[in-house]
Amino acid sequence: MEIINGGYGNPSAGHIAGRKAAKKLVEARSGVAELLGVSADTVFFTSGGTEANALAFFGIVKRPGMHVITSTAEHPSVLSCCKALEGAGVAVSYIKPRQNGYICPDDLARNITGDTAFVSLMHVNHETGVISDIQALSKAVKNVRKDIVFHVDAVQGFGKHDLHKLAGEVDMVTVSSHKIHGIGGCGALYVRRELQGRLRPMLYGGGQEGRLRSGTENLAGICAFGEAAREASEGLEQNLRHVQIIRNILVEVPSIIPCAVINGENTSPYVVNISFPGINAEVMQNALDERGVCVSPGAACSTGSKKRAAENVVYAYGLGVARAESSVRFSASRYSTEHEAREVIMVLEEIYKKVQR
């Protein structure tokens with residue numbers, strides 16, 4: 001509120017109000033950098049995870065004939081970048097995860113060619129919560145060619161899991177404010193210092209954000225992002241233990257509803273994806289919504305049919321159409337309670353009995 005009410009200074013201005021704003025910007029950048037485990041001069045603010053992903057892709061992949069590798073289970077903001085690049089003459093290889101959601105490092109290595117310039121794989125899947133072994137995947141790439149840029153969409157895991165080691169293994173990392181209880185419409189891209197000179201900006205103008213993202217900074221959103229990062233850092237381990245208790249309750253669903261099945265292995269406790277074969281995901285979502293339970297049948301950032309969202313992840317795992325079209329994502333946070341989780345179990349049981357009748 002302090003920034004919204006009185007923080008009208010432009011961080012790029014030389015007057016006292018501008019200098020105060022610039023100081024706030026520095027503090028916020030340090031907060032985000034500390035949570036990620038990197039230097040502040042490698043963090044560049046954007047309007048969100050989508051823009052950060054786009055800056056990573058279009059900043060590196062600059063000409064036809066270049067080759068990009070990603071997976072079929074990525075976030076729509078990544079897959080849309082790939083489709084746009086394909087239209088511009090860039091070759092894209094889509095690796096199919098195994099049924100447990102894992103991407104095999106050998107599969108990744110086999111897709112590398114002499115033209116491969118960029119690899120983008122997410123850390124925690126946005127729909128299933130599957131945690132990728134980024135260290136193994138990065139090693140598979142760098143063992144073939146060290147000059148290939150490895151980018152990680154870490155939006156779902158940032159502020160929830162310790163990413164200090166992850167950032168040291170890759171070249172670029174995307175994070176977002178709203179996933180850690182900051183203000184929406186603010187994100188950041190970590191860019192390894194040695195790579196910054198190769199990155200082409202998408203926005204030109206005053207040269208803000210290290211000349212990688214021009215435009216007057218969203219100071220209120222950035223400051224909220226920095227504060228949210230500090231709060232997340234202070235309670236990282238405690239929050240993880242708390243949310244694990246919530247997850248342990250939610251994974252009891254298959255013992256109560258015979259048709260239910262959990263999707264993915266080695267998942268983040270913050271995301272539980274459950275399929276209810278025979279019950280369309282949107283039907284389940286609407287039934288839960290009527291009872292005050294908010295869930296998602298796919299990525300909240302995607303538009304279009306449920307089927308398309310499901311095919312990006314659950315269907316991409318090779319688990320079949322029935323599980324894909326009936327998959328529902330349950331998300332928890334540090335503010336979720338055991339009581340709420342047990343209420344969800346009760347509501348699901350009631351809905352299932354109603355559907356059976």
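Trainee: Which residue in β9 stands opposite I262?
Mentor: This is a predicted model, where local features need pLDDT of at least 70, side-chain atom pairs count only at pLDDT 80 or more, and totals for chains, interfaces and linings use all residues. Residues are numbered from 1 along each chain as its sequence is written, and side-chain values use heavy atoms, leaving out hydrogens and water. Strands β8 and β9 run antiparallel and are joined by 2 bridges; two strands pair if DSSP finds at least two bridges between them. In β9, the residue opposite I262 is I274.

Trainee: Which are the edge strands of the sheet that holds β9?
Mentor: The sheet is open and antiparallel, with 3 strands in the order β8-β9-β10. Strand β9 (residues 271-275) pairs with β10 over 5 bridges, and S275 has S327 as its bridge partner there. Pairing on one side only marks the edge strands, β8 (261-262) and β10.

Trainee: How many residues of β10 are buried?
Mentor: Buried means under 20% relative accessible area, exposed over 50%, and partly exposed in between (1.4 Å probe, protein chains only). Strand β10 covers residues 327-331 and is mostly covered. The count of buried residues is 4 of its 5.

Trainee: Why is strand β7 described as largely enclosed?
Mentor: In a regular strand the side chains alternate between the two faces of the sheet. G187, L189 and V191 point one way from β7, A188 and Y190 point the other way, and all are buried. Strand β7 (residues 187-191) is therefore largely enclosed by the rest of the structure, its buried residues numbering 5 of the 5.

Trainee: In β7, which residue is the bridge partner of V173?
Mentor: Strand β7 pairs antiparallel with β1 (residues 43-46) over 4 bridges, and with β6 (residues 172-176) over 5 bridges. On the β1 side, V43 stands opposite Y190. On the β6 side, the partner of V173 is Y190.

Trainee: How many helices and strands does the protein chain have?
Mentor: Both kinds of element are DSSP runs numbered from the N terminus: helices are H or I with at least four residues, strands are E with at least two. By that count, the protein chain comes to 14 helices and 10 strands.

Trainee: What is the radius of gyration of the protein chain?
Mentor: The value is taken over C-alpha atoms and set against the globule rule, 2.2 Å times the number of residues to the power 0.38. For 357 residues that rule gives 21 Å, and the chain is close to it, so it is as compact as a globular protein of that length. The C-alpha atoms fill a box of roughly 70 × 55 × 35 Å along the principal axes. The radius of gyration is 21 Å.

Trainee: Which residues does V344 touch, not counting those up to four places away in sequence?
Mentor: V344 is found in helix α14 (residues 338-356) and counts as buried at 12% relative accessibility. Contact means heavy atoms within 4.5 Å. With that sequence exclusion, V344 touches L250, V293 and F330.

Trainee: What distance separates the C-alpha atoms of E231 and H181?
Mentor: E231 lies in helix α8 (residues 219-234) and is partly exposed, at 38% relative accessible area. H181 is 50 residues from E231 along the chain. Their C-alpha atoms are separated by 9.5 Å.
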